[in-house]
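Here is a friendly walk through one protein chain. Please keep the sequence and the 3D view open as you read.

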Amino acid sequence: MPVLCSAKCGNNAVLKRPKTGDTLCKECFYWAFELEIHSTITNGKLFKKGDVVAIAASGGKDSTVLAQVLKILNDRYNYELKLVLLSIDEGITGYRDDSLKTVQENKDEYQMPLKILSYEELYGWSMDKIVAEVGRKNNCTFCGVFRRQALDRGAMLLNVNCIATGHNADDIAETVLMNILRGDVARLQRCVNIITVSITKDYNT
């Protein structure tokens with residue numbers, strides 16, 4: 001039996017939100033989702049009018065949704081932000097090619113400038129070359145550290161005020177668990193903050 005949307009719009013619900021228990025239709029879910037993000041931005045004072053915001057764009061679903069929703073909210077609520085896409089090419093054969101095509105599509109669809117930086121360009125090494133030298137052990141650790149540093153360098157090149165990243169709840173839960181297992185109290189305190197600060201420059205994430 002169909003369940004009606006909790007927002008009382010008269011439409012059938014298509015999902016139940018685990019966070020609130022609300023059963024919502026597609027249109028009401030979009031509105032609730034966007035309003036929640038707007039509230040987070042305003043209550044957390046994440047941006048100032050005129051800020052240049054780099055969206056860390058991998059081409060995956062999380063960063064694509066982030067680009068879309070920031071574009072929508074920037075227009076709807078007149079944040080007066082300049083939004084740019086910043087993408088990192090790690091140089092992993094067969095891994096980043098398709099997602100970079102998606103980033104190019106995002107650039108056109110959302111009418112945002114795009115900057116793509118490669119590990120080869122920044123460090124003189126691609127991940128393929130690094131793996132060839134050090135092997136596959138801990139290569140994800142290398143890549144994660146280099147990617148964050150690459151985003152910071154890209155932000156400096158673009159002279160942005162902050163970087164927005166599309167981390168989801170699973171990402172945060174994994175980070176918390178890893179820091180607990182490592183006993184890294186300092187990172188555990190910082191990892192759930194809505195704003196983090198780069199060690200190279202004050203970029204909000």
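The report below goes from the overall fold to salt bridges, one histidine and two backbone angles.

## Overall fold

Please bear in mind that this is a predicted model. The chain is built from eight helices and six strands. Following the sequence from its start, you will meet these elements in the order β-β-α-β-α-β-α-β-α-α-α-β-α-α. Along its principal axes, the C-alpha trace extends over about 60 × 40 × 35 Å.

How much of the chain is buried? Of its 205 residues, 32% count as buried. Among the contacts with a separation of 6 or more, 59% come from residues 24 or more positions apart.

## Surface and charge

The accessible surface of the chain amounts to about 12700 Å², and carbon and sulfur atoms contribute 54% of it. As for charge, there are 26 positive and 25 negative side chains. The centres of these two sets lie 4 Å apart.

## The annotated N-terminal span

A UniProt record, which is an unreviewed entry, places the annotation "domain: 2-thiouridine synthetase TtuA-like N-terminal LIM" on residues 8-29. In the model, the C-alpha atoms at the two ends of residues 8-29 are 12 Å apart. The span is 18% helix and 18% strand.

## Salt bridges at the start of the chain

How many salt bridges does the structure hold? There are nine. One of them joins the side chains of Arg17 and Glu36, with an N to O distance of 3.2 Å. This pair links distant parts of the chain, since Arg17 sits in the loop between strand 1 (15-16) and strand 2 (23-24), while Glu36 belongs to helix 1, 19 residues apart.

Is Arg17 buried or exposed? Arg17 counts as buried because its relative accessibility is 11%, and buried means under 20%. Its partner Glu36 has a relative accessibility of 29% and so counts as partly exposed. Arg17 and Glu36 also belong to a network of salt bridges that includes Lys19.

## Two further bridges

Now look at Glu80 and Lys49, whose side chains meet in a salt bridge at 3.7 Å, N to O. Glu80 is in the loop between helix 2 (61-77) and strand 4 (82-89), and Lys49 is in the loop between helix 1 and strand 3 (52-56), so the bridge ties together parts that are 31 residues apart in sequence. Lys49 is exposed, with a relative accessible area of 58%, whereas Glu80 is partly exposed at 41% relative accessibility.

Which residue does Glu90 pair with? Its side chain forms a salt bridge with that of Arg147 (3.1 Å, N to O). Glu90 lies in the loop between strand 4 and helix 3 (97-110) and Arg147 lies in helix 6 (residues 139-158), so this pair ties together parts that are 57 residues apart in sequence. Glu90 is buried, at a relative accessible area of 0%, while Arg147 counts as partly exposed at 28% relative accessibility.

## A buried histidine in helix 1

For a change from charged pairs, turn to His38. This residue is placed in helix 1 (residues 26-43). With a relative accessible area of 14%, His38 is buried, because the cut-off for buried is under 20%.

What does His38 touch? Leaving aside residues up to four places away in sequence, His38 touches Leu73, Tyr77 and Tyr79.

## Two positive phi angles

Most residues other than glycine have a negative phi. Two residues in this model are worth a look with that in mind. Glu80, which also takes part in the bridge to Lys49, has a positive phi of about 60° although it is not a glycine. Its place is the loop between helix 2 and strand 4.

The other is Asn159, where phi is positive at about 55° although the residue is not a glycine. Where is Asn159 found? Asn159 lies in the loop between helix 6 and strand 6 (162-164). At 55% relative accessibility, Asn159 counts as exposed, because exposed means over 50%. Glu80, in contrast, counts as partly exposed at 41% relative accessibility.

Conventions. Residues are numbered from 1 along each chain as its sequence is written. This is a predicted model: local features need pLDDT of at least 70, side-chain atom pairs count only at pLDDT 80 or more; totals for chains, interfaces and linings use all residues. Side-chain values use heavy atoms; hydrogens and water are left out. Helices (H or I, at least four residues) and strands (E, at least two) are DSSP runs, numbered from the N terminus. Buried means under 20% relative accessible area, exposed over 50%, partly exposed in between (1.4 Å probe, protein chains only). Contact means heavy atoms within 4.5 Å. UniProt positions are given in the numbering used here, feature names are shortened, and annotations may be inferred rather than shown by experiment. Accessible areas come from the Shrake-Rupley method with a 1.4 Å probe; for residues, only the protein chains shown count as cover. Lys and Arg count as positive and Asp and Glu as negative; His and the chain ends are not counted. The place of a charge is taken as NZ of Lys, CZ of Arg, CG of Asp or CD of Glu. A salt bridge is a side-chain nitrogen of Lys or Arg within 4 Å of a carboxyl oxygen of Asp or Glu.
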